[in-house]
Every structure is written in structure tokens, then in C-alpha cells.
Amino acid sequence: MDRFAWTNGLLEMNETLVIQQRGVKLYDGDDKAKLDVGVVLLTTHRLIWRDHKNHECCIALSLSQIIYFEEQAAGIGKSAKIVIHLYPVTANKEPGPYQQSKFPYIKLSFKEHGQIEFFRRLTEEMTQKRWETPVPQTISTLRKAPQTGKTRAVGIVGIERKIEQKRKETEQNISEAFEDLSQLMVKAKEMVELSRSIANKIKDKHGDITEDETIRFKSYLLSMGIANPVTRETHGSGTNYHMQLAKQLGDMLLAPLEERGGMMALTEVYCLVNRARGMELLSPEDLVNACKMFESMQLPLRLRVFDSGVMVVQLQSHSEEEMIASALDNVTDKGSLTSEEFAKLLGLSVLLSKERLLLAEKMGHLCRDDSVEGLRFYPNLF
Amino acid sequence: MSFEWPWQYNFPPFFTLQPNVDTRQKQLAAWCSLALAYCRHHKLYTLDVMESQESPVFNNKKIERKLSTEAIQVVFEELRKKGNLDWLDKNKSRCLVMWRRPEEWGKLIYQWVSKVGMINSVFTLYELSNGDDTEGEEFHGLEEWILLRSFKGVKFF
């Protein structure tokens with residue numbers, strides 16, 4: 001307890017309050033200090049204790065005087081404590097409540113609890129050692145291996161101190177490693193900002209889409225997942241990449257479409273195309289954008305969206321009326337059909353056959369019979 | 001004479017409310033005439049919505065199809081718009097079916113009255129509906145409430 005010095009309790013420049021806890025009694029070693037219960041304040045520089053009744057009675061000790069500290073669990077009738085081991089008194093110490101003490105350690109007894117948080121904060125402050133440098137939180141504050149204050153290397157205290165130092169070193173290494181990670185994150189943020197600003201600049205220069213670099217850059221943007229902000233896309237002119245893709249799809253899909261009667265759901269197209277490509281897979285977005293360009297590029301394919309939202313790719317030569325007329329014939333033949341039966345009859349997927357039947361119904365050629373047995377379609381005799 | 005069902009009655013889609021607007025209009029028209037014909041044949045003047053779900057009109061056991069309550073409501077609403085139906089209560093659970101509209105009844109009665117030369121004489125409602133003179137006329141046996149309504153349209157007395 002002789003390490004404490006009287007203080008006015010005011011914080012110095014750069015000193016900030018970290019945590020305070022009331023209901024704390026001080027112990028000189030194992031003996032109760034001749035002070036009442038009070039408030040203990042942890043700052044970046046010091047440990048301050050103030051009498052809760054008499055605010056003038058205020059003592060402090062520098063955090064630099066702490067060798068190490070540990071928790072002492074509460075017992076029956078005893079509060080939890082933090083034991084703080086201190087360096088010996090320096091010669092130029094200011095006067096304090098105790099002139100001398102036979103103990104090199106003090107205890108803080110937490111009569112109103114709060115020791116867990118206090119311990120945590122104290123650990124933090126002792127690791128960061130913010131009292132040592134005027135500017136906190138820069139890389140330079142992370143110190144090199146500490147070798148200060150090893151005045152005594154003997155005995156249990158020496159061993160304890162060595163352990164403490166080793167712990168501090170590992171902590172430091174870990175935080176340095178994480179420093180790199182946070183640096184990387186900062187860089188990534190910058191990159192995203194940069195690409196966004198370039199994308200905006202491209203947006204402004206409407207007419208220069210023919211430049212190869214910008215096209216390539218935009219395809220990089222697309223592959224990175226940044227949505228192309230260029231509004232040209234909505235007007236159908238799109239990027240070169242999509243145009244090329246559309247051409248490729250046009251060639252590739254002709255044969256499968258013939259097989260399937262001229263119409264394929266977009267999901268089927270997606271599966272087929274990606275299976276064929278093997279390596280450079282297409283994203284669904286790219287596929288849809290490429291399909292949207294079929295018409296403008298005068299390819300013999302069309303992207304078609306049904307009322308229900310189903311998207312299909314169909315041959316241009318594929319005529320809707322023919323399909324419906326043939327659907328009507330089929331239904332009349334069999335009297336009535338469900339979409340499953342129709343699908344089986346035509347070799348179509350159930351989804352597409354349902355769409356066709358619904359379309360025929362919309363045209364008034366068929367009518368529906370909805371019952372517990374399912375949905376059937378009849379020729380419209382009404 | 002047993003009731004003759006129209007061809008639609010045995011057509012399963014008839015019992016599903018059609019989504020296609022044109023088809024639906026034709027379907028509802030067929031339902032309206034079926035319902036009215038049935039009521040006329042069996043001389044039914046009131047219908048309860050719950051009961052009618054089970055009645056053979058809306059429930060064809062042979063093909064195992066029946067109209068849902070929503071569809072029945074739609075048919076009734078259609079009849080009401082045409083003037084052939086009136087709701088008895090606010091919850092729309094019971095209704096009066098007029099397979100001949102009050103105006104039409106009024107006209108018939110007027111025609112009979114003028115035929116027998118009884119214009120400007122006084123009749124009781126009972127006489128009109130149940131009197132010996134009116135036996136054989138279509139409005140013989142007509143219920144009082146509809147007689148009353150039929151007079152609203154025609155300026156009699």
C-alpha cells in the first residue's frame with residue numbers, strides 16, 4: 001500500500017477513464033487497509049481509489065508499477081478480490097497514505113461485485129500500456145519484446161514475471177497478425193471504391209463502349225459481382241460479352257430445341273449450357289442477359305416469359321397457334337387431359353405442357369375441371 | 001314430368017368456375033337458366049345456400065362434381081343482377097328465387113284480368129292466387145309475397 005500517492009483525482013492530458021467500480025475495499029497485502037470502502041477507477045495511466053464518502057480522500061498508483069495481477073475467487077463471507085503485485089517503491093514517490101508496507105502486493109476487494117469486468121479492463125490496459133506513448137493505436141505502439149523492469153530474476157516472483165512476459169509476447173504477435181488482416185480489409189475497401197468510381201466514369205462516357213479496355217474492364221467488374229450500372233443494358237444494346245454469348249447460344253441450342261419440339265425452359269437451357277461448357281460456367285444472370293439479346297441480334301431464338309413468370313427459349317419458327325391447335329386436337333382425342341398426361345403424350349416437361357394448356361385455355365379453346373382429382377382440361381364446349 | 005338436365009350438367013368443367021372471362025360468362029348463363037328452370041319445375045321459391053350445396057342442382061353425384069360455395073354465391077349474384085333473386089338476409093344465406101320476374105307476373109295477371117273483363121274491380125290477393133276462377137292460370141298458387149311484388153311494377157289500383 002505504500003506505492004499509493006495522494007492525488008486530486010483529476011485526469012491528466014491524454015489520460016482517459018476506462019472503468020470504475022464502487023464498493024471496493026483496499027487491502028495492504030493480506031491486511032485490511034485503514035481506509036473505508038470506496039470507488040476504484042481504472043484509467044489508461046493509473047489506478048485511482050477514492051473514498052466514497054470523503055471525495056477529498058483520493059489516492060492513485062501508476063499502472064507501470066504493476067508487475068502482474070490475478071483474480072481471487074470469492075468464498076463464503078468473502079468477496080472476490082483482485083491481487084495486484086507491485087514493483088518496489090521508487091525513491092521519488094509522492095507522499096501517500098502509507099509510508100511503508102511489508103507486502104509487495106495489494107488487494108482490491110469487490111464488495112459489490114464487478115470484478116470480472118474490472119479484471120478484463122485491467123488486463124487490456126496492461127497489455128496496451130497506453131500510458132507509455134503519447135499517440136495511441138498506431139502500429140508503432142505495438143512494442144518489440146519487452147525487456148524492461150527485470151530487476152529481480154530470482155525466485156518464484158522471477159519465474160512468475162517470466163511467464164507473464166511470455167504471455168504478453170504471444171498476445172502481441174497475435175494482435176500484429178490481426179493488424180495485417182485489418183490492413184488487408186482496408187485495402188480491399190479502397191479497391192472496391194476505386195472500381196466503383198471507374199464504373200461511374202464509364203457510365204458518364206456513353207459513346208465509348210467500343211473501346212476494348214473498357215469492355216474488358218466491365219467484364220472483370222461483372223465477374224467480380226459488381227452489377228453493371230450502365231443503363232444501355234436495359235435498352236438492349238448491352239455489352240460485347242453478352243452479344244458473343246448470345247451468338248454462341250444461338251448456335252448451340254438449335255439442335256436441342258428441335259429435339260424438344262421447339263421450346264425449352266430457361267432452367268433446362270442453363271443446365272445444358274453449363275454442362276457443355278465444363279469449365280467457364282455461366283451465371284444465371286449472364287444467361288438471361290444473353291437470351292434477351294436474341295431478338296436484337298436477329299438470331300432464330302426468342303426468350304419468352306409466360307404470365308406465370310416461367311421463362312422459356314423457343315425457336316422463332318415455332319408458332320404458337322400451331323401448338324395450341326395441336327393441343328386442342330390432343331385433348332379432344334382423349335376427351336380430357338391433365339398436364340401430366342399431356343406431357344407424357346408429347347414428351348415435354350410437365351411445366352411446359354401446363355403452360356401450353358393454360359395458354360389454350362386463355363385463348364378459349366379449352367376449359368378446366370378443378371376437383372379433388374386434380375386439374376383437367378376439356379375442349380371448350382361452352 | 002321429370003326434370004331434364006341440360007348437357008352441361010354432365011360436363012365436369014361446368015362445376016369449376018372458369019378463369020377465362022368469355023368462357024365464364026357462358027358458363028354462368030347456363031347455370032342461371034338451369035337454376036331457374038329447376039326452381040320453376042319444382043315450384044321452389046326460396047333457396048338456402050347451405051342446403052342447395054347438396055341439392056341435385058349444384059351437386060351431380062353421377063359425375064362426382066359439385067359447385068363450391070364460392071361458385072354458388074357467384075351464380076346467385078348473377079341471378080340477383082338479372083332480377084331473378086333477392087336475398088332474404090344480410091348474411092346471404094337464404095334467398096327468394098323468382099324464376100319469373102315480378103314484372104312478368106304482373107303482366108300476366110293484368111292480361112288475365114283484362115281478359116275476363118274485370119279491370120276496375122277489386123280483388124283480394126287470395127282470390128287471385130287461390131280463387132276458382134284463376135285455376136289453370138300460371139299464377140294460380142303463387143305465394144303472397146311475390147304477388148305483392150308483382151303489383152309494385154304494374155300500376156293496378
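Me: A salt bridge is a side-chain nitrogen of Lys or Arg within 4 Å of a carboxyl oxygen of Asp or Glu. With that in hand, what makes R65(B) and E373(A) a salt bridge in this predicted model?

Reply: The closest N and O atoms of R65(B) and E373(A) are 3.5 Å apart. The cut-off is 4 Å, so the pair counts as a salt bridge. The rule finds two salt bridges across the interface of chain B and chain A.

Me: What else links chain B and chain A in polar terms?

Reply: Seven residue pairs are in polar contact across that interface, both partners at pLDDT 80 or more. On the side of chain B that touches chain A, helix α1 (residues 21–42) of chain B gives the largest share, three residues. Sorted by class, that side of chain B has six nonpolar, six polar and three charged residues.

Me: How many residues does each chain put into the contact, and how much area gets buried?

Reply: Chain B and chain A each bring 15 residues. The area buried between them is about 1300 Å², with carbon and sulfur atoms giving 61% of that.

Me: Over to E355(A): how do you know whether it has a salt bridge?

Reply: Check the nearest side chain of opposite charge, which is K354(A), 7.3 Å away. A salt bridge needs the atoms within 4 Å, so E355(A) has none, even though E355(A) is buried.

Me: Where does E355(A) sit, and what does it touch?

Reply: E355(A) is in helix α9 (residues 350–362) of chain A. Leaving out residues up to four places away in sequence, E355(A) touches F306(A), S308(A) and V310(A).

Notes:
Residues are numbered from 1 along each chain as its sequence is written. Chains are lettered from A and ligands numbered from 1 in the order in which they are written. This is a predicted model: local features need pLDDT of at least 70, side-chain atom pairs count only at pLDDT 80 or more; totals for chains, interfaces and linings use all residues. Side-chain values use heavy atoms; hydrogens and water are left out. Helices (H or I, at least four residues) and strands (E, at least two) are DSSP runs, numbered from the N terminus. Buried means under 20% relative accessible area, exposed over 50%, partly exposed in between (1.4 Å probe, protein chains only). Lys and Arg count as positive and Asp and Glu as negative; His and the chain ends are not counted. Contact means heavy atoms within 4.5 Å. Buried area is the accessible area (1.4 Å probe) that two parts lose on being put together, summed over both. A polar contact is a pair of N or O atoms within 3.5 Å; within protein, one must be able to donate a hydrogen and the other to accept it, and residues adjacent in sequence count only if both atoms are side-chain atoms. Ala, Val, Leu, Ile, Met, Phe, Trp, Tyr, Cys and Pro count as nonpolar, Asp, Glu, Lys and Arg as charged, and the others, Gly among them, as polar.
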